[in-house]
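Here is a short report on strands and how they pair. Look at the structure first, then read on.

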Amino acid sequence: MKTISNEMVIAYWWCHRKAYLLSAEPQPSTHPYLTHLNRMRDRARAEVKSQHSGVMSSLQFDPTSGATVFVNPILKSGDLEASCDLLTRVPDTSHTDRFVYEPTLIGGTYHVTTDQKLELAFVGYVLGQLQHKVSATGIVVSANGQAHRVRLGDLYGKVETILNALRESVLVLQPPPAFLIDHCTCCPFRTSCLESAQKEDSLSLLSRMTPKIARAYQKKGIFTVNQLSYTFRPRRSRKPRPNAAVHFKFELQALALRTAQIYVQRLPELPKRSVELFLDIEGIPDQGFDYLVGILVIEDDKSSYHYFWAQSREDELAMWQQALALMSGYPDAPIYHYGSYEAKAIDRLTRVHQVDCVSVKARLLNVNSIIYGRIYFPTRSNGLKDLAKLLGFEWTSSDATGLQSLVWRQQWEDTRSDEYKETLVTYNHEDCQALQVLTKALRRIGDKSDSQTNVEFAGAPSRKATATGNLIHRQFDAILNSAHADYNGKKISFKEAAEGEQAPPKKRGGPIGRTGFCRAVPKPTRVIHLDPVETCPSCPEVSLKPSKRTFARMIIDLVFTKTGCRKTITKYTGIIRYCPSCHRQHPPKITGTAFDRDRKCLFGRSLQAWAIYQRIVLRLSYRLITEMILEQFNESVSPGTLTRIIKDFGSLYSETEKINVQHLLRSPVIHADETKINIQGTEEFVWVFTDGQHVVFRLTETRESDIAHEFLEGYQGVLISDFYAGYDGIACRQQKCLVHLIRDLNNDLWSAPFDREFEMFVAAVKDLLSPILEAVRKYGLKARHLRKFEADVAKFYEKFINGTSSRNELVVKYQKRFQRYEESLFLFISVDDVPWHNNRAENGIRPLAVQRKISGTFFKDVAPSYLLLLGISQTCKYKDKSFLRFLLSEEVDIAAFKPSKRMKTSSVKL
């Protein structure tokens, strides 16, 4: 049986393959950075242990000896062997007359890392088996001698999972497949794993690939980078949103590697400036200390490099002041940097040294943000080293990396040799030069992408042809574009337009239904004579005199009766009078008439309400509504007129929505949900809030939950929602939708039908929920009948959630969900009339989902009014009131609207 040590546990936490290789093969040479960390750790150990000279030291720990401190103890229990730096005797909190030992690790870093906490937990786990009581806490001593107390209770479950996996890996004859991660840069097995990954063409060759994403691709049958490269398909181009989140596409990165081409999602915008600064900072992140600031100044194509060096922390502020003075000397020059380290370093400078860096921060430009998700180079990663080497730039030191710079700095501190300082300055200078080379390449892509043979557009691959080929393509395109029903109107023409020749002028007037179209004057069905104005508003004492001009306007409307509706055309006419004093003309009185209300549109309110009903409730497109008006009422309406009508009614009924919001916030339960819609090519989100009687929609550009927090501010009831994390911070009681939980469990069980452990977990959830939901069906949502299940819920959490540790990925996923939402999953069993599902919100948003499928996209300026009217329509539906009749009634409050009696129906015998 192989012994499991600290090193094995930490190796498995980093990488399963590393743990296997560590136990099966001799370890290759250690990376210089790890050697540096070990040297720092040895120094800290020597300093701390010197304080415990003269105390009992033992390689074999004996918990019954009663020693105060054990130095360098070896803890053995079965196949486990743990070692630590110190074991200190502390009082047992459960028995005043007993004591236990607490482990202490001495680290080589200035901050406590996750692997140090896990190693400490492993020591505490083995120690607990020897002294029959696990340690609740442990101590990690950092490189500066500071002691950090770590809680170990939450880490023991993870330790057990790793130990079980290590015991099973002994039976495995072959090492796990190589999967490259960030830790590989300092791993002793990095060379062999890289060769294995390249041989297998592993997906992990793409630097941003994670095991979770790789498993998702493998479920689709994609196991190699080459296979992944064939899955990229250009999507329909959409209007980009300025602040839209940028998504990285592994398929496009793989395609770039396979074809050795540069693929552009969005062209970079890097205008050339007369003066440009390129910034690179070298520091020690673990200590929060920057020691070298390098600035490359490009002025009229002449370059000069300036560096500023800090011998120690005391010199850091002076170094920064010199660097800021140089950058302030070029107030209009952009400051290019790569990655987030420089921006964070300046933020730390502002916070620690209270230095004003606002003007410098405003000019910072992260070149990596221009590349990420927008430009895909044929490289494994977007690291500056990979990109610059692709462009032909080379560093003087073959092993020049960020980790190696930390080693060089430590060597300089140990020796104060100018050789290491010059190496660091050269490395910093070359980083600035590499950034300049990359910036030039991006500028060329932005300015001359069409002429570069190695640059392709991801959405529309470039097509290159000769002059003759371009002529052929244009003529063939003309043939294809003319292949439609209206062939006679747009015949194929092979004649090239002569230079300076203009197209024939269009006919006067606009097309039917559009602005500029001249409508024939219809014959009115009713004529209303308006009273003339008697006196001039500007000259009250002067009486108006009649003129020879007359006022005449038409309103086309519908009249609804018990048997249907009919079209009416009302003509408003009157005499226009004029003032003999100021010579102004005044039309007849229109205030208070129907024309006064509808004069913004040729069509009356009833016809407008009818059109809105067709759009909102019947979900007809604007084109079909115009065809219906033409066929049924012989009137031509443009889609633009319909959109204007919807916007006008949206403004008119804004007060109705406010009333609905007030009713919602007073209700004991509110259901919330969200969905995405397409707004003229841009993805936005619609939120719905409903209590089953009132419905309100809100539109946002992103899925940020600020709108939900704002809407529900001060709400005292219960919010019912799905498991979207944006709802978690809302300050009210919440009930999570169990339908979503059951659906997710069911889908994952279908995807993993032979996962016995997950199947048993789902069965336990089923056994818990089934009797509860059966009681709900029998007695309703009454707490007096459901509180009896609180004990069952507590037992379920004790046995399957809090009282067990699993290494099954699916089980752990749902354990975390149950832990996170412990208070909101079963609120309905202790509070009356709280539904356990979110069906009301889904029913409220379903009409929008159907309209989204029909329309595809919505207009930006019409969408808010459309959603307002849709919410009113859904509210009328829930209250069993006609939306059309409500619009016709001109009532504002839906509750105050009294619908007419429904028509009685009878069966007719034939």
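## Strands 23 and 24

In this predicted model, S721 stands opposite K736 in strand 24. Strand 23 covers residues 718-721. Strand 23 and strand 24 run parallel, joined by four bridges.

## The five-stranded sheet

Strands 23 and 24 belong to an open sheet of five strands. The order is 22-21-20-23-24, and the pairing is mixed. Strand 22 (695-700) and strand 24 (733-736) stand at the edges. Each has a single partner strand, so one side of each is left without a neighbour in the sheet. On average, neighbouring strands here are turned by 25° against each other, direction ignored.

A helix joins the picture. Helix 22 (residues 654-666) packs on this sheet. Helix 22 touches strand 20 (669-679), strand 21 (682-690) and strand 22. The directions of helix 22 and strand 22 make an angle of about 105°.

## Strand 9: buried on both faces

In a regular strand, side chains alternate between the two faces of the sheet. Now take strand 9, residues 275-284. Ten of its ten residues are buried. On one side sit V275, L277, L279, I281 and G283. On the other sit E276, F278, D280, E282 and I284.

## The partners of strand 9

Strand 9 pairs with strand 10 (residues 289-299) in the antiparallel sense, over ten bridges. I284 stands opposite F289 in strand 10. Four residues lie between the strands of this hairpin, where G288 takes a positive phi near 65°.

Strand 9 also pairs with strand 12 (residues 335-337). This pairing is parallel, over two bridges. Here L277 stands opposite I335 in strand 12.

Key: Residues numbered from 1 in each chain as written. Predicted model: local features only at pLDDT ≥ 70, side-chain atom pairs only at ≥ 80, totals over all residues. Heavy atoms only, no water. Buried < 20%, exposed > 50% of the residue type's maximum accessible area, 1.4 Å probe, protein only. Pairing = 2+ DSSP bridges. Axes fitted to C-alpha atoms, helices over the stretch in contact; angles between N-to-C directions. Contact = heavy atoms within 4.5 Å.
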